[in-house]
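Q: I have a chain in front of me and would like to learn how to read its features one by one. Could we begin with one helix and its surroundings, and then move outward?

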Amino acid sequence: MKELLLKKIDNKEIVVGVVGLGYVGLPLAVEKAKAGFKTIGFDVQQSKVDMVNKGINYIGDVVDDELKKLVESGMFKATCDFSFIKDVDFVAICVPTPLDDHQQPDISYVKNSAIEVAKHLTKNTMVVLESTTYPGTTEELIKPILEEGSSLKCGKDFYLGFSPERVDPGNLYFKTKNTPKVVGAIGKDATEVIAKMYRAVLGAEIYEVSSPAVAEMEKILENTYRNINIGLVNELAMLCNKMGISLWEVVDAAKTKPYGFQAFYPGPGLGGHCIPLDPYYLDWKAREYGFHTSLIQASGIINDRMPEYCVERASKVLSKHKIALNGAKVLVLGVAYKNDIDDYRESPALRVIEILEENSANVDFYDPMIPEYKYKNKVHTGIKNIDEKIIALYDLVIITAAHSAFDYEMISKNAKAIFDTRNAMKNIKNRNNIELL
């Protein structure tokens, strides 16, 4: 099997299957096809499949023309029919791994995908899980499902590994193609072959580790590191506010040190598909060993409290203008979880808006990249544009995403009061109406 697959990789004879055509799966599928491997995308949502097969892109990190050309050339197609798994030699599972309502890992998407793959898995196939999950998932969950459902033996009939996704929406430099990749598989041969497959596609370092569990833990470490450090600066932001010190200035000063320090900044809370969620996977798994991840739990408490803290601060800003939060007209600028993207997954802005409304504020939002969003089964529609007159209508403007499209000079000149949670207005000289987180 090893020699056969290595030869097929060299000859570009591998047919690739990518399960899940979202923020991770679609860019990966495009790169596989661009590298000369025929690729089939699998997704349970017919709407996504239809868009791909029409060459219509819906992911920011994918180039529209590249997708269209790959589809038109026959190098890439999409389907909801998992029976086509029988035609592929490499399967990447790139499905969501969210938390449930009780902050417990929801691995149903991973499990269901593995079940569907197992039904049609054939000999001499590589299977790689890319979805972020707890250490042990590949060997404890995926392996038994694939073996039982296919009657094939891992290591003998197919290879299985884990290679964590590394996607940073909106990053102008690091994309799927040039971001280093970690690969850990069950057995040395599997690791060698799967790593070679990624090397044939990506233009970045492929770093091999000894097992899927190491690769799974590595991914959790990446995001836990960020989660905890963001929790630290959020806590210090609250302290610095009491002390009359700007934490933003403190961090900018600290980052002049050329070693031993990495800058993290406070904000209204954590957002995105990884940092707010992944540490809880490790926290959940740790309990199996009677271990409590105290730092993860502590940073989670701090970060989860930030939307509420921001509303408390907003209320104080209004009070300075002798206006109560109850009945105040508030405009929230930016509902994306970070600047210059159209992704609002886990965005803290949504919770900020919810808490403002719970306190009887009259809230509107404007985001040039997100005209509407769905939160707790309700669709929220934003205002269509902002200008001098519109900004002047509101008692308070809260900036929750620092989009470069915003005219901060215009906003500062016309707003009665501004609460800037992102330091988006750092270049504005007249700061009389600006309160910084």
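Q: How many of the 11 residues of helix H12 (residues 348–358) are buried?

A: A residue is called buried when its relative accessible area is under 20%. In this predicted model, eight of the 11 residues of H12 are buried, so the helix is largely enclosed by the rest of the structure. The buried residues are Pro 348, Ala 349, Leu 350, Val 352, Ile 353, Glu 354, Ile 355 and Leu 356, a list that you can follow along the helix in the viewer.

Q: What covers the buried residues of H12?

A: Here one looks for the elements that make contact, meaning heavy atoms within 4.5 Å. The cover of the buried residues of H12 includes helix H11, together with strands S9 (329–333), S10 (362–366), S11 (372–375) and S13 (396–399).

Q: Which residue with a positive phi follows H12, and where is Glu 346 placed?

A: Ser 360 follows H12, and its phi is positive, near 65°. Glu 346 is placed in the loop between S9 and H12, and its phi, near 60°, is likewise a positive value in a residue other than glycine. With a relative accessibility of 44%, Glu 346 counts as partly exposed, because that class holds the values between 20% and 50%.

Q: Where is Ser 151 placed, and is Ser 151 buried or exposed?

A: Ser 151 sits in the loop between helix H6 (137–150) and strand S6 (158–162), and its phi is near 60°, a positive value in a residue that is not glycine. Its relative accessibility is 66%, and it therefore counts as exposed, since the cut-off for that class is over 50%.

Q: How does the span of helix H8 (residues 212–243) agree with its number of residues?

A: The general idea is to allow 1.5 Å for each residue and to set the result beside the distance between the end C-alpha atoms. For the 32 residues of H8 the expected span is 46 Å, and the end C-alpha atoms are 47 Å apart, which agrees. The residue that follows H8 is Gly 244, where phi is positive, near 75°.

Q: Which residues does Asp 304 touch, apart from those up to four places away in sequence?

A: Leaving out the sequence neighbours keeps attention on contacts that the fold brings about, and for Asp 304 the residues touched are Gln 103 and Tyr 280. Asp 304 belongs to helix H11 (residues 294–320), an element that is also among those covering the buried residues of H12. Its C-alpha atom is separated by 6.4 Å from that of Gly 269, a residue 35 places away along the chain.

Q: Is Leu 282 buried or exposed, and with which residues is Leu 282 in contact?

A: Leu 282, in helix H10 (residues 278–286), has a relative accessibility of 16% and so counts as buried. Beyond its neighbours within four places in sequence, Leu 282 is in contact with Pro 135, Met 217, Ile 220 and Ile 296. Its C-alpha atom is 8.1 Å from that of Thr 133, although the two residues are 149 apart in sequence.

Q: Is Thr 176, which lies in a loop, buried or exposed?

A: Thr 176 is in the loop between S6 and strand S7 (181–185), and at 17% relative accessibility it counts as buried. Setting aside neighbours within four places in sequence, its contacts are Pro 27, Leu 28, Glu 31 and Leu 202.

Q: Is Lys 69 buried or exposed?

A: Lys 69, in helix H4 (residues 64–73), is exposed, with a relative accessible area of 59%. Its C-alpha atom and that of Lys 34, 35 residues away along the chain, are separated by 9.7 Å.

Q: How many helices and strands are there in the chain, and how compact is the chain for its length?

A: The chain has 14 helices and 15 strands. Its radius of gyration is 24 Å, close to the 22 Å that the globule rule gives for 437 residues, so the chain is as compact as a globular protein of that length. Along its principal axes the C-alpha trace spans about 75 × 50 × 40 Å, and 53% of the 437 residues count as buried. Among contacts between residues at least 6 apart in sequence, 70% join residues at least 24 apart.

Note on methods:
Residues numbered from 1 in each chain as written. Predicted model: local features only at pLDDT ≥ 70, side-chain atom pairs only at ≥ 80, totals over all residues. Heavy atoms only, no water. Helix = DSSP H or I, 4+ residues; strand = E, 2+ residues; numbered from the N terminus. Rg over C-alpha atoms; globule rule 2.2 N^0.38 Å. Buried < 20%, exposed > 50% of the residue type's maximum accessible area, 1.4 Å probe, protein only. Expected span 1.5 Å × (residues − 1).
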